[in-house]
Amino acid sequence: MFKFGKVVLIGEPNVGKSSLVNKMVGEDLSIVTNIPGTTREEIRGIKSHADYQIVFLDVPGMQQKRNDLDKFMAKSISTALQDADIVLYVLDGLDIKPEHIKKIGNYKNINKPFIVAVNKIDKTNFAHLYPKLSQLNSLDFVLAIIPISCKTGFNIDVLEGEIVKNLPTGNPQHEQDDFTTQTTKKMVEEIIRGELMQILKAEIPHGIAVKVSKWKEKSKEIEIYADIFCAKPSHKPIIIGAKGHVLKDVGTRSRQQIQDLTGKHIRLFTHVLVREDWKNKKDILTDLGYTNK
């Protein structure tokens, strides 16, 4: 009897949801940084087995709605919750607060299998976690509370087993070797944005978006033109860097990943554009793909 189902990962920003999806699927699908708010839209990762297929829905972390982009992100969470068969709530084992447990309690009537994964336990211990876990145990609708470590892989197999146990029966909806529903262009945009975030490491990354404007593919080579949007004129020289060193570093690091992804030689050209307050401009958000269906 084959099983198929969708699992949505929810939780606060920067708890390791994207790292967990990458670990489960075995591919780097989502940008992983220590900057909250890195994930902006739903990213689907696919894990196929002889007896089951899981589609993981990696959605943005919960945060305040300060602009139209934040509203899009919040909507993507609610849409994924409706679409999912199983809810996986991810907590940071180093920072479990009473308000987090209260938020989990708000899902009591969701009427879907609900699992809690406590991540980053490689950085803590059970003596520290026990009081928090005991509070979680009081939530009778939670099917399982599983301490894990995305970094070391601890209990990832246990978590997968619990998910499989609660999957509904159904037919696979994707090919056995598929690992995501993302387009190659979208993955390229995310690769470039991820490298910018890793290099800049400040508030500027929250005001950056990337759009592939041209894609010229030949038999052995792809020529890619990518526009980098920033929210303020003062950000542009920082993104470019002295003598262009930031863009050069981003280009070098991105090209290698894109070549690994496509199997072709990559020529990458980047252009920084100032689009003030772009997070509140629907035409730009639509062009970037940040629109709710």
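These notebook entries concern one sheet and the helices that lie against it, looked up in a predicted model.

**Entry 1, sheet layout.** I looked up the strand order first. Three strands make an open sheet, ordered 7-8-9, and the pairing is mixed. Strand 7 (209–217) and strand 9 (265–274) are the edge strands, as each pairs on one side only. I noted an average twist of 20° from one strand to the next.

**Entry 2, strands 7 and 8.** I then took the antiparallel pair. Strand 7 pairs with strand 8 in the antiparallel sense over eight bridges, and the two form a hairpin with three residues between them. Across this pair, Lys-214 stands opposite Tyr-225 in strand 8.

**Entry 3, strands 8 and 9.** In which sense do strand 8 and strand 9 pair? I found the parallel sense, over ten bridges, with strand 8 covering residues 221–230. I recorded two facing positions: Glu-221 is opposite His-265 in strand 9, and Cys-230 is opposite Val-274 in strand 9.

**Entry 4, helices on the sheet.** I next examined the helices. Helix 8 (residues 245–262) packs on the sheet and touches strand 8 and strand 9. Its direction makes about 135° with that of strand 9. Helix 6 (residues 184–200) lies across strand 7, strand 8 and strand 9, and runs at about 130° to strand 7.

**Entry 5, burial of strand 8.** How many of the ten residues of strand 8 are buried? I noted nine, taking buried as under 20% relative accessible area. Strand 8 is therefore largely enclosed by the rest of the structure.

Note on methods
Residues are numbered from 1 along each chain as its sequence is written. This is a predicted model: local features need pLDDT of at least 70, side-chain atom pairs count only at pLDDT 80 or more; totals for chains, interfaces and linings use all residues. Side-chain values use heavy atoms; hydrogens and water are left out. Two strands pair if DSSP finds at least two bridges between them. Axes are lines fitted to C-alpha atoms, for helices over the stretch in contact, and angles run from 0 to 180 degrees between N-to-C directions. Contact means heavy atoms within 4.5 Å. Buried means under 20% relative accessible area, exposed over 50%, partly exposed in between (1.4 Å probe, protein chains only).
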